[in-house]
Amino acid sequence: MLQAVPRPLAGLIRSQPVTGLILTGGGARAAYQVGVLAAIAQLRRDAGVTANPFPIISGTSAGGINASALACHADDFDAAVDGLLHLWQGLHVESIYRADAFEAVKSGARWLSMISLGWALARWTRSRPRSLLDNTPLRTLLGRYLDMDRIEAMLDGGHLRALALTGSSYSSGQHVTFFQTRHHIVPWLREQRMAVQTQLSLGHLMASAAIPFIFPAESLELEGIAEWFGDGSMRQSAPISPAVHLGAERVLVIGAGRMKEPEGRRVDTGEAHPSMAQIAGHALSNIFLDALAVDVERLRRINRTLALLPREARAATALRSIELLVIAPSRRLDDLAGEHQASLPKSVRAMLRAFGVSGKGKTTSGSALVSYLLFEPSFIGELINLGMSDTLAKRAEVQRFFGWPARAPQIDPAVLRRTRSAGFAAGV
């Protein structure tokens with residue numbers, strides 16, 4: 001892998017590798033990313049660094065929300081992180097989806113009946129549901145909080161190189177990365193994967209965060225044709241790829257679970273058939289978590305292979321070594337969600353019981369599903385704190401990755417005066 005070079009003093013700065021940030025999906029679990037970013041902001045301040053640490057940002061699903069916030073305020077990283085902290089710490093379920101909708105469908109029973117009896121019943125009742133939950137509150141919140149038009153200004157000002165948001169088309173089956181940049185980038189095309197350069201909007205963000213079954217699809221135009229898009233984590237076989245295509249030479253990946261969780265299998269020894277909640281949680285974990293772990297291992301394997309090749313052979317291949325840093329939860333977020341599920345509104349808990357969520361704490365059956373929907377301060381706060389502590393525990397590794405000193409460099413005033421005088425003379 002590439003080795004980070006310590007950052008020299010201001011005025012003598014050598015070119016640093018272009019850093020990309022990967023923020024994946026996971027519903028409420030994405031609050032963990034905010035804690036990691038807060039710790040990175042602290043380490044950045046300690047090092048006396050002022051530049052935006054992430055000129056290339058790629059986000060998917062809830063990670064796309066965090067990515068967009070960073071991009072919209074790329075000229076002030078600290079303020080962007082503070083804004084994310086304020087946003088997430090103030091969230092409740094009602095901020096994301098309409099909890100009162102469960103009363104109308106009698107705690108999800110009607111929705112479940114439509115699934116089991118087929119869409120004929122839905123047509124008969126003239127109420128074909130598009131999704132389990134109505135996420136209109138999320139659209140309202142993001143429309144008020146994010147000014148996506150600012151991205152263009154951040155690109156023009158040189159504070160940002162590129163932002164990418166990924167969605168999955170229900171209409172064509174294509175996995176599409178929408179990106180915005182001022183640099184010349186040839187859109188990439190792979191099997192069932194493509195990239196489209198465009199001006200990103202709230203619609204792209206809502207599409208990327210439309211969790212399958214749970215939130216409704218979003219209509220976006222693709223090559224002049226309107227298509228229905230859902231969560232970008234679906235069919236995302238290479239989540240790190242967009243940042244690399246956009247020019248990242250080193251990549252920080254902030255995961256939402258599993259990769260760094262305690263080892264050992266967790267087996268439910270009960271003889272009962274798995275509930276719909278367990279199956280749904282398993283499916284969502286496959287969508288949100290597994291592809292990232294596979295892609296991280298793939299990148300590490302490529303780096304190891306390239307390191308074994310002679311210099312001439314490396315120069316002849318299109319592959320290049322990408323420095324990689326992964327920060328992921330040190331605790332099982334499923335267990336953490338089980339400990340906080342009682343903070344959900346009664347109507348939501350009733351619906352989840354209808355799906356088979358039962359028990360408390362680590363013994364909660366279906367806690368994985370709960371972890372994606374638990375937008376409540378107690379759970380969000382724990383995730384943010386966990387993200388901060390996990391990152392600060394890797395302080396030295398983070399500093400090496402960015403080339404940051406442990407403390408801001410102390411500059412001799414005499415040296416500073418000579419540097420300024422030299423610069424003035426050169427200007428004359």
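This short presentation covers one strand with its two partners, and then one pair of packed helices. Please keep in mind that the model is predicted.

Let us begin with strand S4, residues 175-181. Are its residues buried or exposed? Seven of the seven are buried, so the strand is largely enclosed by the rest of the structure. It helps to recall that in a regular strand the side chains alternate between the two faces of the sheet. In S4, both faces are covered. On one side, His 175, Thr 177, Phe 179 and Thr 181 are buried, and on the other side Val 176, Phe 178 and Gln 180 are buried too.

Which strands pair with S4? Strand S3, residues 162-169, pairs with S4 in the antiparallel sense over seven bridges. Strand S6, residues 193-197, pairs with S4 in the parallel sense over five bridges. Val 176 illustrates both pairings: its bridge partner in S3 is Gly 167, and Met 194 of S6 stands opposite Val 176. The hairpin of S3 and S4 has five residues between the strands, and in this hairpin Gly 173 takes a positive phi near 85°.

I turn now to the helices. Helix H1, residues 31-46, packs against helix H17, residues 377-392, with the axes 7 Å apart and at an angle of about 40°. The two helices are therefore oblique to each other, and their crossing is right-handed. Residues in the contact include Val 34, Ala 38 and Ile 40 of H1, together with Leu 383, Ile 384 and Asp 390 of H17. What is the character of this contact? Its residues divide into 14 nonpolar, four polar and one charged.

Note on methods
Residues numbered from 1 in each chain as written. Predicted model: local features only at pLDDT ≥ 70, side-chain atom pairs only at ≥ 80, totals over all residues. Heavy atoms only, no water. Buried < 20%, exposed > 50% of the residue type's maximum accessible area, 1.4 Å probe, protein only. Helix = DSSP H or I, 4+ residues; strand = E, 2+ residues; numbered from the N terminus. Pairing = 2+ DSSP bridges. Axes fitted to C-alpha atoms, helices over the stretch in contact; angles between N-to-C directions. Parallel < 35°, antiparallel > 145°, perpendicular 65-115°, else oblique. Left-handed = near helix turned anticlockwise from the far one by under 90°. Contact = heavy atoms within 4.5 Å. Nonpolar A, V, L, I, M, F, W, Y, C, P; charged D, E, K, R; others polar.
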